[in-house]
Amino acid sequence: MKNQVDRVVVGYDGSAHSQAALAWAAAEAERRGRPLTVVHVLDYVGMIPSPMGPFSWPDVDDENFARTAKDGVELARKSATSIEITAVTRIGQVAGTLIDFSPGADLLVVGTRGHSEFTGTVLGSVSFTVSAYAHCPVVVVRGRSDLPTDGLPVVVGVDGSLCSDEAVLYGADVAAASESPLSIVSAYRTFASTPWGGRGNSIDLESEGRPNFDTVARESAQNVVLAAARIAGNAYPELIITEQSAEGPPA
């Protein structure tokens, strides 16, 4: 959506989780001095009666449909008083519609779950899709948005790829802007942690004159973390940066 360039865009359906996302997005938009767009999407396909049993159809007349986004605007204005806040309503598939707003946007914000299991405004399945396919940075607000964050680090997972380098720079920018430390983490898997490397199945390849793969994996993760720390440090020399390599699944 061309008119959403340089804006913070937030998906909103009136649920508690989307309210948390809205509060976070409003505060971030005001901090950045960017306009905020509150997007409410209704997916009629998601409201087709389920074979699992009957349910009551929600009230989806035009007035009530538009009111949800407008209520979101009024809620955001209670905390963000210095920025432009607008409401947008759309009918369509939720994740795809939000992704359509992402090109050129500064930030796209969603909650973790939505209003009900039967409406297209459910954000639980949306957050993963939006995070994977949006054309701008995405924030998924989990839990309460009013908890104090002073002193808490910005954490970035890295793997040495070009996308990872972009994530480091973005994380460093967020950390510097919020005067927070930056924690850079890389995960690695040892031979013993793989399905075929359980108890009794370990192989000491180093004794055969070959490198120990556990050592290689650990050192590789450490090098990735150090390289990422250099990228962040070059961009923000005053930033407090910690590095950590951890054995285990990346997630």
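Which residues in α1 are buried? In this predicted model, they are S18, A20, A21, L22, A25, A26, E28 and A29. The views below start with the whole chain and then zoom in on a few spots.

**View 1. The whole chain has 6 helices and 8 strands.** Start at the N terminus and read off the elements: they run β-α-β-α-β-α-β-α-β-β-α-β-α-β. There are 251 residues here, and 38% of them count as buried. Now look at who touches whom: among contacts with a separation of 6 or more, 75% come from residues 24 or more positions apart. As for the outside, the chain exposes about 14,200 Å², with carbon and sulfur atoms supplying 54% of that area.

**View 2. Helix α1 covers residues 16–32.** Count along this helix and you get 17 residues. From first C-alpha to last, α1 reaches 24 Å, close to the 24 Å expected at 1.5 Å a residue. Several alanines are on its buried list, including A20, A21 and A25. Just past the helix comes G33, with a positive phi near 70°.

**View 3. E28 and R31 form a salt bridge within α1.** Side chains of opposite charge can pair when their charged atoms come close. How far apart are the closest N and O atoms of E28 and R31? The gap is 2.5 Å. The two residues sit about one helical turn from each other, because they are 3 residues apart in helix α1. Their surroundings are worth a look too: E28 counts as buried, at 10% relative accessibility, whereas R31 is partly exposed at 40%. R32 joins in as well, so keep it in the frame: E28, R31 and R32 are linked in a network of salt bridges.

**View 4. D106 and R34 pair up from two loops.** Here the closest N and O atoms are 2.8 Å apart, and the pair forms a salt bridge. D106 lies in the loop between α3 (94–100) and β4 (107–111), while R34 lies in the loop between α1 and β2 (36–42), so this salt bridge ties together parts that are 72 residues apart in sequence. D106 is buried, with a relative accessible area of 19%; the cut-off for buried is under 20%. R34, at 30% relative accessibility, counts as partly exposed.

**View 5. E84 and R7 meet in a salt bridge.** The N to O distance for this pair is 2.6 Å. Follow the chain and you'll find E84 in the loop between α2 (62–77) and β3 (85–91), with R7 in the segment before β1 (8–11). That makes a link between distant parts of the chain, 77 residues apart. Is E84 buried or partly exposed? E84 is partly exposed, with a relative accessible area of 42%. R7, on the other hand, is buried, with a value of 10%. The count for the chain comes to 5 salt bridges, and this pair is one of them.

**View 6. T190 sits in the loop between β7 (182–188) and α6 (213–235).** Even though its place is in a loop, T190 counts as buried, at 15% relative accessibility. Which residues does T190 touch, leaving out those up to four places away in sequence? They are D214 and E247. Look for A217 as well: T190 and A217 are 27 residues apart in sequence, yet their C-alpha atoms are 6.7 Å apart in space.

Conventions. Residues are numbered from 1 along each chain as its sequence is written. This is a predicted model: local features need pLDDT of at least 70, side-chain atom pairs count only at pLDDT 80 or more; totals for chains, interfaces and linings use all residues. Side-chain values use heavy atoms; hydrogens and water are left out. Helices (H or I, at least four residues) and strands (E, at least two) are DSSP runs, numbered from the N terminus. The expected span of a helix is 1.5 Å times one less than its number of residues. Buried means under 20% relative accessible area, exposed over 50%, partly exposed in between (1.4 Å probe, protein chains only). Contact means heavy atoms within 4.5 Å. Accessible areas come from the Shrake-Rupley method with a 1.4 Å probe; for residues, only the protein chains shown count as cover. A salt bridge is a side-chain nitrogen of Lys or Arg within 4 Å of a carboxyl oxygen of Asp or Glu.
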